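Good morning, everyone. I would like to walk through one structure with you, and I will give the criteria behind each term as we reach it.

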2 protein chains.
Amino acid sequence: MANPTAYDRLIDRFARIATINECASMLGWDAAAMMPSGGGAARGDQMAVLAGLAHAELTDRRTGDDLAEAEAVGEWQTANLTLMRHAYVRATALPADLVEAQARANSSCEKVWREARKASDFAQVRPYLEEVIRLTQQEAAALAPALGLSPYDALMDGNQRGVGAADVTPVFAAYEGFLATALPAAEERQARQPEPIRPQGPFSIVAQEALCRRLSERLGLDFTHARLDRSAHPFSGGTATDVRITTRYVESDFTQAVLAVVHETGHALYERGLPSDHARQPVGEAAGMAVHESQSLIVEMQACRSDAFLSWLGPELLATFGGDAEPYRPENLGRLWRRVERSFIRVEADEMTYPAHVILRFRLEQALMSGDLRAADLPGAWNEGMKALLGIVPPDDAQGCLQDIHWYDGAFGYFPSYTLGAMAAAQLMMAARRAVPDIDAALGRGDLSPLLGWLRVNVHAIGSRLGFNDLLRAATGKPLDPADFQAHLTARYLG
Amino acid sequence: MANPTAYDRLIDRFARIATINECASMLGWDAAAMMPSGGGAARGDQMAVLAGLAHAELTDRRTGDDLAEAEAVGEWQTANLTLMRHAYVRATALPADLVEAQARANSSCEKVWREARKASDFAQVRPYLEEVIRLTQQEAAALAPALGLSPYDALMDGNQRGVGAADVTPVFAAYEGFLATALPAAEERQARQPEPIRPQGPFSIVAQEALCRRLSERLGLDFTHARLDRSAHPFSGGTATDVRITTRYVESDFTQAVLAVVHETGHALYERGLPSDHARQPVGEAAGMAVHESQSLIVEMQACRSDAFLSWLGPELLATFGGDAEPYRPENLGRLWRRVERSFIRVEADEMTYPAHVILRFRLEQALMSGDLRAADLPGAWNEGMKALLGIVPPDDAQGCLQDIHWYDGAFGYFPSYTLGAMAAAQLMMAARRAVPDIDAALGRGDLSPLLGWLRVNVHAIGSRLGFNDLLRAATGKPLDPADFQAHLTARYLG
């Protein structure tokens, strides 16, 4: 064989890094879904060693030499090399002692946060959060010049490359305006409808689990390359050829399990559809957190909560659980699973008010990072923001600024991804419906395949060759346009 | 902190290597117990990358420099440094291209062997086995001078350090002599006893699994540090603080599942009892394959198949499965689970004839390695050996020289560990009974703790500080002495 080129060497190196990360991903799944509690300490060490090995491969002097020398041919290689350089810049911009200090501070803060949330006692965690913020500011300051971005955008870039505050601010402002009239109108319409009837349990967990698996398969997940298990919080993990999704079950209600599984199935289908020709290369990876969320939400919110799909799902649920047929009528399921409500907790929010929770966090975290908002003033600022956005004030900090793990674990710049994903999902669904006429007819038969076929080509197979807005432009003819999400909400909640 | 010494640096390096190996161990468990088939290819890459990383850490030039410079203080450090040097010598003695060629050849041969065994067609796998043997001979030839051992002993050393053919040959010869009279006598005695009654199923697999878990806990396994799952072949894996045992279930018979679980529980208890002060250091590891097998067999064969334990287990089984009480009477379980039989398949053999299967393999693999036996002549030599040792001739090679994966996967020098372990288990049990008078009374209450307490101190807590015979000497007053195993068999089968 001829001498490998610099690009060839990089291919090998990034494949090795990706393979190490696959090990970490599998062990992360195991920790959440399988591991006995006594394995926790050793697992922490295992994850740290794997992270260290991957980091060492990436920041090796030879990576830099090869990146300087490498030449790419064609669109895929060019995108891959750009992504390799981007990863290298991000990894080498941070001093090792900062990375270590962050790992320690985030881990300590997160532990204290669990207690503080239970006690609804912000003061308890405040000094830890201050340290996390201080170190995250240092991280942002180190990344910013290396990436040629503002400090906050450098953090956002770590979650959805190429999308910054300037992209998001006007989109969120427009949504705030929409919500101000749409939410009262939706509430008024909802008040005129019959109250939804809740299916009465208990629902055997064995039956729920079998249903969830059947549903996930029906949506297109191939269980020779996937597993469905249980964990405290539903997630999708594993690797592209071996995805692991989880959910949780309660006997009194199957809703949570079923909707979590269709959501995680959306994530899993995306991983399964990534371009296998570019497996283990940066260009073959998912295009970022917002795109990932668009794929879970297009399956959960756009497809599976549609009238068409509910008309198929209702009889399936009735056949599974038996009992009174009324709650399983599609119109009732629609009223039950598509209900707007001003509420305190983001993860329980409906799709119309959810963005308000994100907008609040987006504004607060920018202020925390810039220093305009002190951690000590966070609870007050939170409550004011909730008042302004949704007109409600949390009764305590557990239902306010202590509810989410993210900041207390050092994740800043992540929250916008949820709403960017929701908006992208609506925009992609609209484009798919234009391109493939029988999507809804198929959903009415419980068949996702026409939609999935379109997503495979227009989203999944793209990998990371295109960034967020370029991907949307290629798939839908325009960059992110919140009008499509608003049109979706208008049709569903005000139509 | 003062500058780290060479020994300090080695501690860190070997801890890192052990942590990488923990990742591999967990992923190995996952592959056997959890992974969907589609994950197999990626998993192979993951395991290869982890093996490569661990090997690179071990063979790094700096490891050699530090090993040359390091000084140890006290018994544990001295043993640890000796084991580090030993590991380094083994790893650096082999050229990288040989290691790679072996990985490829073993993997190819193992795949063909699966087909050949199904078809009982030795000719099909013969050329692959020849290549495996050729490369294993090269491995042995490379290891031998580095370790100062004969080539075959260099292979044995990889499974049970410090034990060679010269230790094993007289022990096996003595056993062969014992067997020549003991086996016919045991058969004759058995023929005079009533036929054992098999419990009649079906036995719900859910009930079997719950029983197995309860039994394993009863024997002392703490499930905050362990899991019990299912796999095609029972095994014990994971790590010292997170052991993973598996078994398999069939509805028609619970015997296999229950006995496999008590066996694997023995392995798991050993891992759990290793000295945590020396975790992730060579001296803190299990003392070798023969010692490991002694710990599974002392629990399964010595303790759980004893009259005392069966008198507790019988009523437990009856309470679990119900039905006719007769089969669960302890005397019947004894006749059922302690039956000698001349049979073809090693893994199904009883404890008296099992060593004959090992002796055959021990002799044949030495001849294969030395070149005295050609692969082409293996089937004939196998059948002659079976005739000489057990007086039976396999009807085909699937029940003869094709039955075990070991050689076809490149494992030579491993088989003796099984019988060394069985003999050590008997010797340890005898010493434990002398030291702790109430072992059998406790077993009669389903209580392993007096025996386990003694094993904790005399075997588990030793880690690898002592080699096989030194460990036995410290625990029992003598090196391996097959007389104790023969006395055990005489009492159980001829008494």
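**Helices, interface and backbone**

Let me start with helix H5 of chain A, residues 96-119, whose 24 residues reach 35 Å from the first C-alpha to the last, close to the 34 Å expected at 1.5 Å a residue; the expected span is 1.5 Å times one less than the number of residues, and helices (H or I, at least four residues) and strands (E, at least two) are DSSP runs numbered from the N terminus. Before going further, I should say that this is a predicted model, in which local features need pLDDT of at least 70 and side-chain atom pairs count only at pLDDT 80 or more, while totals for chains, interfaces and linings use all residues. Residues are numbered from 1 along each chain as its sequence is written, and chains are lettered from A and ligands numbered from 1 in the order in which they are written.

The buried residues of H5(A) are Ala105(A), Asn106(A), Cys109(A), Trp113(A), Ala116(A) and Arg117(A), where buried stands for 20 or more other C-beta atoms within 10 Å of the residue's own, exposed for 12 or fewer, and partly exposed for anything in between, with C-beta atoms placed from the backbone. These buried residues of H5(A) pack against helix H6 (122-147) of chain A, contact being defined by C-beta atoms, placed from the backbone, that lie within 7 Å. H5(A) is followed by Ser120(A), whose phi is positive, near 50 degrees.

Now to the two chains together. How are chain A and chain B superposed? A rotation of 180 degrees with 0.0 Å of shift along its axis does it, at an RMSD of 0.0 Å, the fit being by least squares on the C-alpha atoms of residues with pLDDT of at least 70 in both copies. The two copies are thus related as by a two-fold rotation axis.

In the interface, 29 residues of chain A are in contact with 29 residues of chain B. H1(A) gives the most to the side of chain A that touches chain B, with eight residues, and by class that side has 14 nonpolar, nine polar and six charged residues; here Ala, Val, Leu, Ile, Met, Phe, Trp, Tyr, Cys and Pro count as nonpolar, Asp, Glu, Lys and Arg as charged, and the others, Gly among them, as polar. Because 100% of the interface residues of chain A are also interface residues in chain B, the copies meet through the same surface.

One part of this interface involves H2(A) and helix H1 (residues 6-33) of chain B, whose axes come within 9 Å and cross at roughly 105 degrees, the axes being lines fitted to C-alpha atoms, for helices over the stretch in contact, with angles running from 0 to 180 degrees between N-to-C directions. H2(A) and H1(B) are therefore roughly perpendicular to each other, a label given to angles of 65 to 115 degrees. Ala42(A), Asp45(A), Gln46(A), Val49(A) and Leu50(A) in H2(A) meet Arg16(B), Thr19(B), Ile20(B), Glu22(B) and Cys23(B) in H1(B).

Finally, some backbone details. A cis peptide bond joins Gly201(A) and Pro202(A), with omega about 5 degrees, and another joins Gly201(B) and Pro202(B), with omega about 0 degrees. Arg280(A), which is not a glycine, has a positive phi near 65 degrees; with 21 other C-beta atoms within 10 Å, Arg280(A) is buried.

Terms used: Two residues are in contact if their C-beta atoms, placed from the backbone, lie within 7 Å. Angles under 35 degrees count as roughly parallel, over 145 as roughly antiparallel, 65 to 115 as roughly perpendicular and the rest as oblique.
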